[in-house]
Every structure is written in C-alpha cells, then in structure tokens.
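Visitor: I would like a close look at a single part of this model. Please take one helix and work outward from there.

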Amino acid sequence: MHGSRSAAAVRFIRVALCVPSAIATLTACIAHQDWSDFAEPLPGPPQILGQHAAGCLIGAEPLAPEGIGYQAVELQRNRHYGHPDLVDYIQALGRRVDQAGFGPMLVGDMAQPRGGPMPYGHASHQTGLDVDIWFRLDLPPLERSERKDIEQPILVSAQTGELDRARWTDQQVELVRLAALDPRVTRIFVDGAIKRDLCERQWKDRSWLQRIRPWPFHDEHFHVRLRCPADLSDCIDQSPPPPGEGCEGIVPTPRTITTASPPRPLPAACEAVFGQ
C-alpha cells in the first residue's frame, strides 16, 4: 500500500503517467515501475519473459520458508519466488547439504512475485532463475521471526582483497562445489579471492570450476544462476562461460564503491504482466 491508495491504484497512476510514444520508450518506462508492489505471483503456466537482468515472470512458485537442509532469510523482503526449476534446485541442494552433514544453508534473495527490477540490491534476479546462498553455516534452525537483519560475515578483506582464512572453511568450499554440480547451473558468482582458492585446491573432477565466475561484492554470499528451461522460448539465456576452468589471471581486488547502472529496458510483454 502507498498511503491510502491500493497498490493496484498506484500501478494504474504510474502507467497513466508513463505514456510512451514508441515501443522502445514503453520498455524503458516499465523498467522504472515498482515491481515490488506485487504481493503475489501472476497465476498461469510458468513463463519467463526476457533475461536475467531485464525481464519478468508469470506463474512464479514460492519457496517454502524452510525445508531439509535450508532456511530462507530476510523473509520480509518478499523475494523468495522463482521459476519451479529454481525452487526445485534449492530444495535439491538443501538435501545434498543435509546429507553432507552440515547446514542449514541460508537462502537469500530469489525474485519478486512477478520478477522485474528490484528497488534495491540487485540488477539481475528478475526472471526467477537467480538465488543468493549465504556462506554463513553456523546458525541453528531459527524461527521465521528471527531471520531478519542477520549478520553476514565478510570473508575477503576490503583493503587487500585477500581471503580471510580464519573464516573460510572446508564446509563453505563444499557448499559451493555442491551448488555447482547441478547441470541446470550456468554460473555461480563469487569474489575473485574465493575463485582463486577453489582453483588452487586439488580436485578429481575440475569441470565444475568453469561455472564459478569471479565477481566483486560476492564475499558473504554466492549468486547461483540457472540457464533458461528448454521449453521457454521467451527466456533469453546468458552466453555460456568461456571454455576452460577460468583459473588464470585472478588477482586480489579490494572493494571499491561502484555506481549503479540504470535499469535495462524490459520486453514489451512485461507491460501486460505489470498491468494485471
């Protein structure tokens, strides 16, 4: 709700004020609308329109707040929705974590009920194929009311870009490896220092390292991205990672403040998703 107006009324006003003269203007316009207004998914068969950083979602499935091997955190954000493949992926990973004898893992942001741009925190997470998994593994099962404003220890020095060996454990390493083994995963984003540590370890099977990609500010969680389901023609996949393990040329990168990019234009079909 916004003041005394309903969310639906506010959406109508925004659409009325955002009158496009061309399709390109329309798609830029709907990218700036507040997709966080929606409390529930748009019903229907699961559909993904667009790409990870510029898209929306129909028929999203909510993740249960807790399950075998996992618990969802920061529930007040209402960002624990996804394509059914993502929900199944998280639940399957939770079972692997439980079988490995550690956890529960903490599941952070997925997507909003209808996807779309978030008002803060992410440029992607728009199509229900992205999820943040926290590195923290030392918390017992918590009541839902206790899963708010939980501290996320930083594993990489902001000054040097080097990994904090006192906080980086073999269980966290195994968590990343288990997350990468699912064939639906196209990328997992971690800090460069974490990628370098994974590369330096001895593994029988090193093929999963290709999916681990260095990315700044992923030193208290890692970001899993699934590829588009094969039956969804309107879902636009990211290009596959380059061949090889991606272990060459990784250097420590101190944290630096970056400027947020403006929202990308959304597919025109997302206007109907927003307007219903």
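Guide: What follows starts at helix 5 and then moves on to other parts of the chain. Keep in mind that this is a predicted model.

Helix 5 covers residues 192-200. How many of its 9 residues are buried? The count is 7, so the helix is mostly covered. The buried set is G192, A193, I194, K195, D197, L198 and C199. Note that K195 and D197 are on that list. What lies over these buried residues? The cover includes helix 4 (170-181), strand 9 (185-190) and strand 10 (212-214).

Look next at the N-terminal end of helix 5. D191 caps it. A side-chain oxygen of D191 lies 2.9 Å from the backbone nitrogen of A193.

Now take one residue of this helix, I194. Why does I194 count as buried? Its relative accessible area is 0%, and the cut-off for buried is under 20%. Leaving out residues up to four places away in sequence, I194 touches F135, V156, L163, W168, H218 and D219. V156 is 38 residues from I194 in sequence. In space, the C-alpha atoms of I194 and V156 are 8.2 Å apart.

One of those contacts, F135, leads to the aromatic rings. The model holds 7 aromatic pairs. Among them is F38 with F274, an edge-to-face pair. Their centres are 5.3 Å apart, with 85° between the planes. This pair links distant parts of the chain, 236 residues apart. F38 is in the loop between helix 2 (23-31) and strand 1 (47-51), while F274 is in helix 6 (residues 270-275). Both F38 and F274 are buried. Back to F135: its ring pairs with F222. That pair is tilted, at 5.3 Å centre to centre and 50° between the planes. It too links distant parts of the chain, 87 residues apart. F135 is in the loop between strand 8 and helix 4, and F222 is in strand 11 (residues 221-226). F135 and F222 are both buried. W35 joins F38 and F274 in one aromatic cluster.

A ring can also face a charge. The charged end of R79 sits over the ring of Y120, 4.2 Å from its centre.

On to a sheet. Three strands form an open sheet in the order 2-1-12, with mixed pairing. Strand 2 (54-58) and strand 12 (235-236) each have a single partner strand, so one side of each is left without a neighbour in the sheet. Strand 1 and strand 12 run parallel, joined by 2 bridges. G50 stands opposite C235 in strand 12.

G50 also appears in the surroundings of T127. T127 is in the loop between strand 7 (105-107) and strand 8 (130-134). T127 counts as buried because its relative accessibility is 0%. Beyond residues up to four places away in sequence, T127 touches I48, L49, G50, Q51, H52, G55, C56 and L57.

Last, a check on another helix. Helix 3 (residues 84-100) has 17 residues, so at 1.5 Å a residue it should span 24 Å. Its end C-alpha atoms are 24 Å apart, which agrees. The buried residues of helix 3 are L86, V87, Y89, I90, A92, L93, G94 and V97. Just after the helix, G101 takes a positive phi of about 90°.

Definitions and conventions: Residues numbered from 1 in each chain as written. Predicted model: local features only at pLDDT ≥ 70, side-chain atom pairs only at ≥ 80, totals over all residues. Heavy atoms only, no water. Helix = DSSP H or I, 4+ residues; strand = E, 2+ residues; numbered from the N terminus. Buried < 20%, exposed > 50% of the residue type's maximum accessible area, 1.4 Å probe, protein only. Contact = heavy atoms within 4.5 Å. Polar contact = N/O pair within 3.5 Å; in protein donor to acceptor, adjacent residues only side chain to side chain. Phe/Tyr/Trp six-rings, centres within 6.5 Å; stacked < 30°, edge-to-face > 60°. Lys NZ or Arg CZ within 6 Å of the ring centre and 35° of its normal. Pairing = 2+ DSSP bridges. Expected span 1.5 Å × (residues − 1).
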